[in-house]
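Grab a pencil and work through these exercises with the structure open beside you. Try each task yourself before you read its solution.

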Amino acid sequence: MRRNRSDIMMPKGMNGSRASLDLESVLSAYRRWAPAYDVVFGAIFQNGRAAVARYVNSLPLSSVLEVGVGTGLSLPLYSADKRVTGVDVSSEMLEHARKRVADERLTNVVALHEMDGEDLRFADGSFDVVVASYVMSVAPHPQRCLAEMERVCAPGGTVIVCNHFVNGHNGFVSRRMQPLSRWLGWRPAFELGTLLEDSPLSMEAQQPVPPFGLFQLVTLRKQ
């Protein structure tokens with residue numbers, strides 16, 4: 001049975017009144033970025049997208065949900081045997097994703113939905129693999145987003161998160177940028193431990209993604 005959003009524990013220190021981001025600031029940022037997103041961010045984030053797709057393609061599983069699919073830059077990277085559904089909260093970004101699917105004839109992309117990752121309109125256990133690349137530091141309530149990803153993942157399935165996480169190498173710069181979160185549309189000083197706090201998902205692997213180890217590929221398992 002689908003759990004209500006009220007059943008999902010609100011993250012400590014990250015409730016609606018204290019979160020450094022809100023949905024409108026995220027939508028506003030992506031309205032600004034959508035026309036030039038592929039040019040500005042395509043190459044920077046491509047290593048992470050490729051690493052996620054390689055891992056997904058290696059799994060003997062078929063149904064994939066990508067949360068925060070954006071302009072669909074990752075969609076051509078999935079193998080033809082993966083049945084991919086993408087969701088994004090930004091209608092402007094999804095316009096580009098739909099055009100990419102049509103132009104590149106990506107027949108394994110079964111659906112693209114405008115949908116909030118913190119309130120996924122899918123039944124429990126709907127997907128074998130649930131992916132979020134460069135999403136968690138954008139989500140107003142990251143733990144809620146991860147809880148929704150866990151909910152729609154099938155038992156024994158895999159949840160994959162690729163994201164910037166603050167660490168000793170980038171901590172000073174990241175925290176100095178934190179006051180700009182609302183304008184940037186993402187949260188620079190974001191810690192992996194905060195995201196995983198209270199999550200029932202078990203950590204399987206964590207590895208750095210180029211360039212410079214700024215991003216981490218985190219693989220989680222649902223029991």
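Before you start, here is how angles work: axes are lines fitted to C-alpha atoms, and angles run from 0 to 180 degrees between N-to-C directions. Keep in mind that this is a predicted model.

**Exercise 1.** Work out how many helices and strands the chain has, and in what pattern they follow each other.

*Solution.* Start by counting: you should get seven helices and seven strands. Next, read along the sequence, and the pattern comes out as α-α-β-β-α-β-β-α-β-α-α-α-β-β.

**Exercise 2.** Find the strand order of the open sheet, then explain why β3 and β6 each have one side without a neighbour.

*Solution.* First, trace the seven strands across the sheet: β3-β2-β1-β4-β5-β7-β6, with mixed pairing. Now look at the edges, where you'll find β3 (109-114) and β6 (202-209). Each has a single partner strand, so one side is left without a neighbour in the sheet. Finally, check the twist: ignoring direction, neighbouring strands are turned by 15° against each other on average.

**Exercise 3.** In which sense do β1 and β4 pair, parallel or antiparallel?

*Solution.* Recall that strands of a sheet pair through backbone hydrogen bonds, in either sense. Locate β1 at residues 63-67 and β4 at residues 127-133; their pairing is parallel, over four bridges. As a landmark, Val64 sits opposite Val129 in β4.

**Exercise 4.** Which strands does helix α4 lie across, and at what angle does it run to β5?

*Solution.* Find α4 at residues 142-152; it lies across β1, β4, β5 (153-164) and β7 (215-221). Then compare directions: α4 runs at about 150° to β5.

Methods. Residues are numbered from 1 along each chain as its sequence is written. This is a predicted model: local features need pLDDT of at least 70, side-chain atom pairs count only at pLDDT 80 or more; totals for chains, interfaces and linings use all residues. Side-chain values use heavy atoms; hydrogens and water are left out. Helices (H or I, at least four residues) and strands (E, at least two) are DSSP runs, numbered from the N terminus. Two strands pair if DSSP finds at least two bridges between them. Contact means heavy atoms within 4.5 Å.
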